[in-house]
Amino acid sequence: MSPGFPLFRLPDNVVLSVFQNVGVAQQILLSMISRKTKKIVCSLNLRPDSISLDTGASCDLKIQFGFVEIRIAFEKSDKNAEREFVKIERPERVEFYEKRCVKLRRESVAYGWVNGPAGVRDYIDHFMEILHHNWIDELTLAWNSAYPLESIQQLINGLEIKNLHFTKDSDSEDYLVNCLNAIKPSRSFYLNQAPLYVRNRTRMRQFFIQNLDDIFILDAPSDDAYPLEEIQQLVNGLEIRELSFSQISFFGNLEISDDDMMNHLNAIRPSRSFCLDRTPLFVWNHSRMSQFFVQNLDYIVIGNASLRKDGTEAIVHAKYLRFHLILQEFLND
Amino acid sequence: MSVEPEVPIVQVEEVRENPVLYKIISSDNHVFTISEHAVKLSKTLWDLITNLGLTAENALDNPIPVENVNGKNMETIVQFCERHKYDEEEPEYTNYIREFVLPEWDRQLLSIDNEELFQLILATNYLDIQKLMDYCCRVIGDMAKDKTPEELRIIYGIPTDAEDDALERSASDSPGPSG
């Protein structure tokens, strides 16, 4: 007998059981070895929470399974190559990482991976097939991405892109429009650190190509923020399912008053939820918060918790639920 | 010709708790006694006992021959079943990873070489002992921890697609049982 373990000399039901008893990273790695192992991994019916693609300096595919994140980085070996000539169809090097949470600590493992003749799209198709997930939850484009838009478009051709994010300022409105038209996200479009010109509502209006799930207001309201009236005109006629506020001071210096929040709610009228991220603790006052249930919202999210209309705590987002579980576990220790 | 057992009969220290004991004879004629609660962990053995109509009165007079399992593996299996006979039933797993930690006692029990582990798994599969099968599979699964695909291929002896194809071709070319 060889020094290894003769797995495939075992009955099929036992082989399947072994595959069920390895970690999700190993299951994914095993699927890459042969057609037979791929078929077995397919039969495990793995369902990730999300798959995202980040096209920055390298092309990263991230697969989230609860507390486990698998990241596959596709890199060209020649990092000095001129960006205009970098193509991502066939990576020179593929790296495989796993981040996991062990006893409330994050740990990361890097796996070596020798690349075969496959291209990035071949890998994406492979993962989509074994994970039964035929869409990209989030595509992140960096303004200074190493990859031309045409390459990215080819890479995701035929796949639904739910959310599109930009991570850096773009000084070209045409570039943003081109990206949006090329990618056509089905749910949301997110501009981080957007340049000032996006404050021009008539020009911004073109980005609202369809109903969006979420409108996210950063640092609002303040002198630099987008005026409420303009937001209202921007979203006029569109259904906005969620309204989120972020970056509100955690230390008591509120940059937004109850009245401001109420004004935004009444103006935008989200159909499903209202999310207050990083709000100070005192908003956790049911009688004060109840005023925000001005319409038929499913829930309101405050930092790490969610409230129903009757003031009871709601469990609506998996990420919040997990946070509660960790916290509970921690308190029990 | 009868073969004398090479190892003494394994006496299980559970008589006080459960007086019902069964005798099992392994393929190499080693005799083991096992308590009723423990033997229930093996679906195959328990079905056999039920079908043979063995009772507390006649169980020890009617040893059960198990021709597919040798004495060494049977000893491990009996130890395991006695250890876990009062365990609560595990909930069905629904997630993509089986969430359990292999207890240290069981890890020690299963710290055997690959050939022995292979034979033990075949025996466990034959006797249909789900918990021991899960634990054995976890031990094999742990071999994959932090390994690269190429290392996984070597550790598990996974054939390449070309090797699988060649094997399939040779299987289809070879004459069947009739000819």
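**Exercise 1.** Is Asn45(A) buried, partly exposed or exposed?

*Solution.* The model is predicted. Start with the place in the chain. Asn45(A) sits in the loop between α3 and β1 (50–55) of chain A. Next, take the accessibility. The relative value for Asn45(A) is 42%. Buried means under 20% and exposed means over 50%. Asn45(A) therefore counts as partly exposed.

Now check the backbone. Most residues other than glycine have a negative phi. Asn45(A) is not a glycine, yet its phi is positive, about 60°.

**Exercise 2.** Describe Asn29(B) by place, backbone angle and accessibility.

*Solution.* First, the place: Asn29(B) belongs to the loop between β1 (21–25) and β2 (31–35) of chain B. Second, the angle: phi is positive, about 65°, although Asn29(B) is not a glycine. Third, the accessibility: at 28%, Asn29(B) counts as partly exposed.

**Exercise 3.** Which stretch of chain A does UniProt annotate as "domain: F-box"? Describe its make-up.

*Solution.* The unreviewed UniProt entry gives residues 4–41 of chain A. Helix accounts for 63% of the span and strand for 0%. The C-alpha atoms at its two ends are 21 Å apart.

Now look at helix α2 (residues 24–31) of chain A. Count its buried residues: 8 of the 8. Helix α2(A) is therefore largely enclosed by the rest of the structure. Its buried residues include Val24(A), Ile28(A), Leu29(A) and Leu30(A). Gln26(A), Gln27(A) and Ser31(A) are also among them.

**Exercise 4.** Work out how helix α3 (residues 35–43) of chain A packs on helix α4 (residues 120–131) of chain A.

*Solution.* Two packed helices are described by the angle and the distance between their axes. Here the angle is about 45° and the axes are 7 Å apart. That makes α3(A) oblique to α4(A).

Then list the residues that meet. α3(A) supplies Lys38(A), Val41(A) and Cys42(A). α4(A) supplies His126(A), Glu129(A) and Ile130(A). Sorted by type, the contact has 3 nonpolar residues, 1 polar and 2 charged.

**Exercise 5.** Do the same for helix α5 (residues 114–127) and helix α6 (residues 130–142) of chain B.

*Solution.* The two axes come within 10 Å and cross at roughly 150°. That makes α5(B) roughly antiparallel to α6(B). The crossing of α5(B) past α6(B) is left-handed.

On the α5(B) side, Leu117(B), Leu120(B), Ile121(B), Thr124(B) and Asn125(B) take part. On the α6(B) side, the partners are Leu132(B), Met133(B), Cys136(B), Val139(B) and Ile140(B). By type, the contact divides into 8 nonpolar, 2 polar and no charged residues.

Now zoom in on Thr124(B), in helix α5 of chain B. Its relative accessible area is 0%, so Thr124(B) is buried. Set aside neighbours within four places in sequence. Thr124(B) is then in contact with Ile77(B), Ile129(B), Leu132(B) and Met133(B).

**Exercise 6.** Where does Pro103(B) lie? Relate it to Tyr135(B).

*Solution.* Pro103(B) lies in the loop between α3 (71–84) and α4 (104–109) of chain B. With a relative accessible area of 29%, Pro103(B) is partly exposed. Pro103(B) and Tyr135(B) are 32 residues apart along the chain. Their C-alpha atoms are separated by 9.1 Å.

**Exercise 7.** What does UniProt place at residues 23–85 of chain B?

*Solution.* The unreviewed entry names "domain: SKP1 component POZ". Over this span the chain is 44% helix and 16% strand. The end C-alpha atoms are 17 Å apart.

Methods
Residues are numbered from 1 along each chain as its sequence is written. Chains are lettered from A and ligands numbered from 1 in the order in which they are written. This is a predicted model: local features need pLDDT of at least 70, side-chain atom pairs count only at pLDDT 80 or more; totals for chains, interfaces and linings use all residues. Side-chain values use heavy atoms; hydrogens and water are left out. UniProt positions are given in the numbering used here, feature names are shortened, and annotations may be inferred rather than shown by experiment. Helices (H or I, at least four residues) and strands (E, at least two) are DSSP runs, numbered from the N terminus. Axes are lines fitted to C-alpha atoms, for helices over the stretch in contact, and angles run from 0 to 180 degrees between N-to-C directions. Angles under 35 degrees count as roughly parallel, over 145 as roughly antiparallel, 65 to 115 as roughly perpendicular and the rest as oblique. A crossing is left-handed if the near helix is turned anticlockwise from the far one by less than a right angle, and right-handed if clockwise. Contact means heavy atoms within 4.5 Å. Ala, Val, Leu, Ile, Met, Phe, Trp, Tyr, Cys and Pro count as nonpolar, Asp, Glu, Lys and Arg as charged, and the others, Gly among them, as polar. Buried means under 20% relative accessible area, exposed over 50%, partly exposed in between (1.4 Å probe, protein chains only).
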